[in-house]
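Thanks, everyone. I'll keep this to two sites, so please have the model open while I talk.

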Amino acid sequence: MDSIRKKELEDLDRSLIWHPFTQMKDYVEEVPLIVEKGRGCCLVDIYGKRYLDGVSSLWVNLHGHRKKEIDDAIRNQLNQVAHSTLLGISNVPAIELAKELVEITPAGLKRVFYSDSGSTAVEIAVKIAFQFWKQKGNGGKKHTFLSFINAYHGDTIGSVSLGGIDLFHEMYGSLLFQVHRAPYPYCYRCPLERSAPACGMECLNRVEEILSIHHHEIAALVIEPMIQGAAGMIVSPKGYMRGIRELTKKYGVLLIADEVATGFGRTGRMFACDHEVISPDILCLAKGITGGYLPLAATLTTEEIFNAFLGEYKDKKTFFHGHSYTGNPLACAAAVANLKVMKEEKVLEKVQGKIHFISETLKKYDKLEHVGDIRQLGMMVGIELVVDKATKEDYPFEDKIGVKVIEEARRNGLIIRPLGNVVVLMPPLSMTRDELHEILSITYDSIKKVTEDG
Ligand code: PMP
């Protein structure tokens, strides 16, 4: 590519594209990073500069870029058909994938409803839960949901209603449906001002309080199991998820597990629910489902839920929901290939050593003056930066401390994205130890430079 073309692309990008979660006033002031190609865990920009993909291209990539098996599966499917609808008819890869998903997901999940993104997977879960209770004949009394402070479930209005991150969600308040909200176990800054483990998970009691009073009106509890991602990689204590499952059963409330971020090995198990051997009533999957190749999502339900939608045509119990690209054959073929790679390359086994390597290497981050908390579940890492370790004082929003760290990292060949004052690392499961070592050192140096050396 010649330099005129490069310049042209940069100008067009700045003048035409509205980038998500990006302050465009700042963006247009900088030279944009334009990716041209990728290979393994690296991305290469139009100038040929190589970057490690430290957040798996926004938490989606599992086996690296240009993974032969997935490339081939998509090409082969292209020779068959690129797209046909799933409304009333079916396609081969969608069926093959559904079979695999039912086999690998927690016990009891038997039906697969496809869509295109994490947000739609959650949106669908919400509508199914709501309609389920109506059609169970409880007179529609279960009309609301229980979700968590700092939850993130996507950007569509239903998933924003469940969300609890003020920065992203408060603006839309008057558009949203009301939900009950419980504190998530953010032990570093306990919302109940208790400390673990002496607290005996007081936060579970709060969930029980809400359920005991409001269970008649709550259709489902919606949770990011084991780790709240967008909140800043907040890992729940051992036993918490099991407690949530028991409480939802006790009070007759469906459990919706949003595993959009955690699914497909990201936490070191196939699904986060597997850490505590629990089965939700509804499971939301997206992101890693295609190995990070194509947009695809799935909402899985139990047979009991599915059965509540069966009836005579005239009864109108049908689930009237479906997107144009639902069950897209190319995406489903990529997902089948992804699961094959997971199995054949023993990805879950191999990743254990890498997870251990990351936790060992992260220990030295303690030495950094402004690292307040380091959280890790599998390949998901959050490093919380604070002004003062003793008081846990937050950096003010306008300091853009996380942004400065990732900009420094980028100059040094690492692409990462912060969540406020939390620096996030989420490498592909296939990242080698040398590459992991590299991303951990660049991140360390970037934090040190920005927070200590000014
Ligand atoms: N749920 C969770 C837990 C997520 O982390 C995300 C995305 N980060 C979503 C839902 C939304 O997914 P998408 O961006 O694909 O709509």
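Let me begin with the second largest pocket; note that this is a predicted model. Its lining divides into 10 nonpolar residues, 3 polar and 2 charged. The space in the second largest pocket comes to about 420 Å³. Of the 15 lining residues, Arg111, Val112, Phe113, Phe306 and Phe319 are the closest to the centre.

Which elements supply at least two residues each of that lining? They are strand 4, residues 109-115, strand 12, residues 297-302, and helix 11, residues 303-307. Strand 4 gives the largest share, with 4 residues.

Now to the ligand. Around the ligand we find Trp59, then Ser117, Gly118 and Ser119, then Tyr152, His153 and Gly154. The list goes on with Glu224, Asp258, Val260, Ala261 and Lys287. Sorted by class, this shell holds 4 nonpolar, 5 polar and 3 charged residues.

Some polar contacts are worth reading out. An oxygen atom of the ligand sits 2.8 Å from a polar backbone atom of Gly118. At Ser119, the partner is an N or O atom in the side chain, 2.6 Å from a ligand oxygen. Asp258 also contributes a side-chain N or O atom, and here a nitrogen atom of the ligand is 2.6 Å away.

How much of the ligand's accessible area does the protein cover? On its own the ligand has 400 Å², and the protein covers 84% of that.

That's what I have on the two sites.

Conventions. Residues numbered from 1 in each chain as written. Predicted model: local features only at pLDDT ≥ 70, side-chain atom pairs only at ≥ 80, totals over all residues. Heavy atoms only, no water. 1 Å grid on protein atoms, 1.4 Å probe; cavity = no way out; pocket = protein on both sides within 12 Å on 5 of 7 lines; lining within 4 Å. Points joined across faces, edges and corners; volume = space filled by probe spheres on them. Nonpolar A, V, L, I, M, F, W, Y, C, P; charged D, E, K, R; others polar. Near = heavy atom within 4 Å. Polar contact = N/O pair within 3.5 Å; in protein donor to acceptor, adjacent residues only side chain to side chain. Areas by Shrake-Rupley, 256 points an atom, 1.4 Å probe, with all protein chains shown as cover.
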